[in-house]
Every structure is written in structure tokens, then in C-alpha cells.
Amino acid sequence: MSNSHILSHALQTPIIKKLAGKRIVLASASPRRRDILKTFGLAPEIVPSTFEEDLPISSFEDIHEYPVATASHKAIEVYERLVEQDPDNAPELVIAADTVVLSHASTSQDAFEMLPSVNQEVLEKPISKEDNMRMLLDLNGGVCEVVTGVVVVYPVLMSPGYTTKSIDERSLVYFADNSREILQAYVESEEGLTRAGGFAIQGLGGILIRKVDGDYNNVVGFPAASFFRLLDLLVEEESDFLET
């Protein structure tokens, strides 16, 4: 493979040098994830996963495990499919991510250490403008948690021929005390209809947000800093990582 996955502006860190010449695949069609990786000099091949993303949320004792499990299924599905299609050109790294927005039963909690005691539910994409307004009214003046599960799949000699590593990144998003008129105007823009939680912080939805505690890119959809730290750790801990 050529070095085309590494862009000219990438910082020449040890992991970027390791990635040069490797077949790197992003198991997502998300333009936001693609653009975040591109910002840091990585332009992976785009192969969207066909996984249905229908895992039952109730089966997870810790709700934070839900996006990690979904990302794992997405990454493995793409890796296995590509190996089956062309065994001689297997990817050295498949990246997948899943981002969810979690509500809080109480919006007075300001510290991460308090979050496990708070009853949370996954906020899916709104099904209508009315549903979008309901979500925003619930979030208005309060806080929600955004969690992204990131999973990488890479080849190993042991059966089944690959292994996975994962992280979950968590950020708190604090909503301003917005007027109903602002919320209604945002709903009418229809931007939130295609976003989990009913808002897009990187778009018009940014006007609704007071502050973010944690990685902003995580809220957009991909925690790049933690992702690259994960790869650094794999290089340190596993001598054969990216050596194929």
C-alpha cells in the first residue's frame, strides 16, 4: 500500500510513522469522524459497517459499555468482510466508533464522580420536530453526557487471526438556559433531527451550549486524542502491533 493514508500535515510522531504504508480502514461513513481524523493527518479508507446497531440497551449493566459493544461489532464485521474479500490485502488496522448521548435524571450533578449514581438513559435521534423540542426542553439549562466507544481491530497470529482493543471517552455537555424561542428556532432548522440527543454541537446547535467538560471532539463524534494515546500504548505493550 502507499502512504496515502498519512497526510502531509500530520505530526511526525512515532505512531504516525508506524501507520505509514499500512492499510487503515474507518468502519464508518460519518463525515464528522472522517474530518476529525483528517485534521490530525490521518485519511483512512472508508468502509462503512453493515452491522444493524440493534443491541438491546437493557442487556448492559453499565450503560457506558453499550457504545463500546456496538463499535466492536462494527469493527469486527468490516475486518472479517475485508479479509474474506481479499486475504492477501487484509487491513492492518480497522477503526470503529459509536457515540451516544445520555440523559441525567438530575441536572444538578457537576462532577464526573457523581455520575454512576445518576439514572441515565440513551437519547436517540428524535423522531419528529415535536420529539426534538421535548428533548431540548429536558436538556435545557442542564447537563448530558456524551460517550464514544472506540474500537480498533488488528491482525495477530493467534486464532481467530485478529484482536480488539477499546476505550470509552466521556464528556459532559452543559446547556445554557435558552429561551423557548431559541429552542424552537433550532428545531425548525431540522439540524437536530439527524443527531442523537437532538443537537449538533459543531453546527447551529452550538448556540445552545454553555460549556463542555471533556474532549470537544468526543462530543462531535470521535475522541482523537484518546484514540492516538491508545495506539501509542499498543506500540509500547505489543511488540508485533503494526509490524505485519
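## Exercises on a predicted chain

Of the 244 residues of the protein chain, 50% count as buried; buried means under 20% relative accessible area, exposed over 50%, and partly exposed in between, with a 1.4 Å probe and protein chains only. This is a predicted model: local features need pLDDT of at least 70, side-chain atom pairs count only at pLDDT 80 or more, and totals for chains, interfaces and linings use all residues. Residues are numbered from 1 along each chain as its sequence is written, and side-chain values use heavy atoms, with hydrogens and water left out.

**Exercise 1. Describe the fold and overall dimensions of the chain.**

Step 1. List the elements. The protein chain has seven helices and seven strands. Helices (H or I, at least four residues) and strands (E, at least two) are DSSP runs, numbered from the N terminus.

Step 2. Read along the sequence. The pattern is α-β-α-β-α-β-β-α-β-β-α-β-α-α.

Step 3. Check the compactness. The radius of gyration is 19 Å, close to the 18 Å that the globule rule gives for 244 residues, so the protein chain is as compact as a globular protein of that length. This radius is taken over C-alpha atoms, and the rule is 2.2 Å times the number of residues to the power 0.38.

Step 4. Box the chain. Along the principal axes, the C-alpha atoms fill roughly 55 × 40 × 35 Å.

Step 5. Sort the contacts (heavy atoms within 4.5 Å). Of those between residues at least 6 apart in sequence, 68% join residues at least 24 apart.

**Exercise 2. Characterise the largest pocket.**

Step 1. Fix the term. On a 1 Å grid over the protein atoms alone, a pocket is an open set of points where a 1.4 Å probe fits, with protein on both sides within 12 Å along at least five of seven lines; lining residues have an atom within 4 Å of a point.

Step 2. Take the volume. The largest pocket has about 610 Å³. Grid points are joined across faces, edges and corners, and a volume is the space filled by probe spheres set on the points.

Step 3. Find the lining. It holds 25 residues, and R32, R33, T99, K125 and A196 lie nearest the centre of the pocket.

Step 4. Assign the elements. α2 (31-39), α3 (65-85), β3 (93-102) and α6 (216-220) each supply at least two lining residues. β3 gives the most, with four.

Step 5. Sort by class. The lining has 10 nonpolar, seven polar and eight charged residues. Ala, Val, Leu, Ile, Met, Phe, Trp, Tyr, Cys and Pro count as nonpolar, Asp, Glu, Lys and Arg as charged, and the others, Gly among them, as polar.

**Exercise 3. Place A96 and list its surroundings.**

Step 1. Locate the residue. A96 lies in strand β3.

Step 2. Judge its exposure. A96 counts as buried because its relative accessibility is 0%.

Step 3. Name the partners. Leaving out residues up to four places away in sequence, A96 touches A27, A71, K74, A75, G149, V150 and V151.

Step 4. Compare sequence with space. A96 and T70 are 26 residues apart in sequence and 8.9 Å apart C-alpha to C-alpha.

**Exercise 4. Find unusual backbone geometry.**

Step 1. Recall the norm. Most residues other than glycine have a negative phi, and most peptide bonds are trans.

Step 2. Check the peptide bonds. A cis bond joins S159 and P160, with omega about 10°. P160 sits in the loop between β5 (143-155) and β6 (162-175).

Step 3. Check phi at E53. The angle is near 55°, a positive value in a residue other than glycine. E53 belongs to the loop between β2 (45-46) and α3. Its relative accessible area is 39%, so E53 is partly exposed.

Step 4. Repeat for E190. Phi is near 70°, again positive. E190 is in the loop between α5 (180-189) and β7 (209-213). At 42% relative accessibility, E190 counts as partly exposed.
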